[in-house]
Amino acid sequence: MNDLTIASGTSLSLPTISGATKVCGLIGDPIEHSLSPAIHNAAFRSLDIDFVYVPFRVRRGELAEAIGGIRSLGVLGVNVTMPHKTDVLRFLDMIDRTAREIGAVNTIVRNDGRLQGCNTDGQAALASLANLRSSLSGSTAVILGAGGAARAIAYHLSKMVEELAILNRTRSKASRITAKIRMWSGTRTSCRSQGLNRASLRKEVSRASLLVNTLPVHVFPRFGKILVQEKLVGRGMTILDVNYQRENEFLAEAQLAGAKVADGLDMLVRQAALSFRLWTGRDAPIDVMRGAAIQARATSSR
Ligand code: NDP
């Protein structure tokens with residue numbers, strides 16, 4: 001590690017990059033505000049391992065070239081974010097079962113020169129929920145949204161809960177997930193899809209003990225207000241909002257009403273820890289990663 005003192009007198013610790021340094025990274029667009037570089041580089045530094053994590057902006061339509069670059073430049077692994085999580089499957093050599101069934105990849109790892117796709121989002125969300133509540137089995141769950149995050153979380157939740165409702169603006173997308181759940185878990189879990197509106201929120205959330213929001217941060221507050229105004233969230237409920245902005249008014253209100261809550265920062269850190277293990281073969285220093293994520297979030301403009 002090199003110490004560099006910049007003009008203001010602040011001392012920075014810089015990794016020493018050499019010909020032996022292993023490169024990991026992130027592909028997506030946009031990636032400027034990602035917390036992942038801070039999380040992974042802090043973990044590499046704390047274990048003193050010769051890895052570096054670099055964000056690569058890859059626009060829609062440039063994915064084939066980017067994967068070719070990963071191959072030829074010997075990049076060890078990357079995280080994959082919007083808009084490439086689904087499209088990337090066709091460029092890889094192997095897809096693990098979870099990612100194949102979900103239909104999305106968020107982590108690529110090089111194994112004997114071949115690129116393998118994995119998905120750690122759902123597992124990380126489940127670990128986050130398990131941290132709040134000892135058992136999920138037998139619960140009635142609601143997922144808001146039916147995009148990539150919802151699909152990954154539904155895949156894992158459907159193997160544990162008794163009932164699962166998916167509410168989405170485009171109902172057909174929610175129905176496609178419930179059809180898949182019937183393939184994944186047979187008749188064990190009762191599942192249904194609904195449009196996303198005040199009536200469906202009232203009907204489904206009032207009977208749920210578990211709520212997962214996957215609607216993006218610019219969309220959710222409207223629906224969060226309904227949940228709070230109609231007193232649909234409170235004691236006895238466990239809530240995960242996968243967004244990880246600094247201030248989360250909805251979760252603060254829900255917690256005040258007695259719910260156990262987690263925001264997406266914990267999930268982000270847990271999925272990073274799973275990627276870290278895939279790339280390095282070592283247990284991730286999760287507290288270091290969490291500290292770096294909190295610090296990076298505090299200074300980011302998101
Ligand atoms: P997708 O783009 O795949 O899905 C977006 C979802 O939001 C869809 O269900 C879409 O509905 C809905 N939506 C978008 N705009 C509106 C709107 N105006 N009104 C109502 N619904 C709307 O995104 P992802 O699932 O990949 O990601 C969702 C969020 O989760 C993002 O904010 C992302 O940052 C976060 N995330 C967090 C992670 C973590 O580790 N904490 C990991 C992964 C994601 P429709 O189908 O009708 O278009």
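**Exercise 1.** In this predicted model, find which backbone atom lies 2.9 Å from a nitrogen atom of the ligand.

*Solution.* Start at V242: one of its backbone N or O atoms sits 2.9 Å from a nitrogen atom of the ligand. Next, look at how well the ligand is covered: alone it exposes 920 Å², and the protein buries 80% of that. Then turn to the side chains. T170 places an N or O atom of its side chain 2.4 Å from an oxygen atom of the ligand, and a polar side-chain atom of N168 is 2.7 Å from a ligand oxygen atom.

**Exercise 2.** Describe the shell around the ligand by residue class and by helix.

*Solution.* Begin with the count: 23 residues surround the ligand, and A146, A149, N168, T170 and K173 are the closest. Sort them by class to get 10 nonpolar, eight polar and five charged residues. Now check the helices. Both α5 (148-157) and α10 supply at least two shell residues each, with α10 giving the most, three residues.

**Exercise 3.** Trace the sheet and work out which strands stand at its edges.

*Solution.* Follow the six strands of the open, mixed sheet in the order β4-β3-β5-β7-β8-β6. β4 (51-57) and β6 (94-95) have a single partner strand each, so one side of each is left without a neighbour in the sheet. Zoom in on one pair: β3 (residues 22-28) runs parallel to β5 (residues 77-80) over four bridges, and I27 stands opposite V80 in β5. Finally, add helix α10 (residues 264-280), which lies across β3, β4, β5, β7 and β8 and runs at about 10° to β7.

Note on methods: Residues numbered from 1 in each chain as written. Predicted model: local features only at pLDDT ≥ 70, side-chain atom pairs only at ≥ 80, totals over all residues. Heavy atoms only, no water. Pairing = 2+ DSSP bridges. Contact = heavy atoms within 4.5 Å. Axes fitted to C-alpha atoms, helices over the stretch in contact; angles between N-to-C directions. Near = heavy atom within 4 Å. Polar contact = N/O pair within 3.5 Å; in protein donor to acceptor, adjacent residues only side chain to side chain. Areas by Shrake-Rupley, 256 points an atom, 1.4 Å probe, with all protein chains shown as cover. Nonpolar A, V, L, I, M, F, W, Y, C, P; charged D, E, K, R; others polar.
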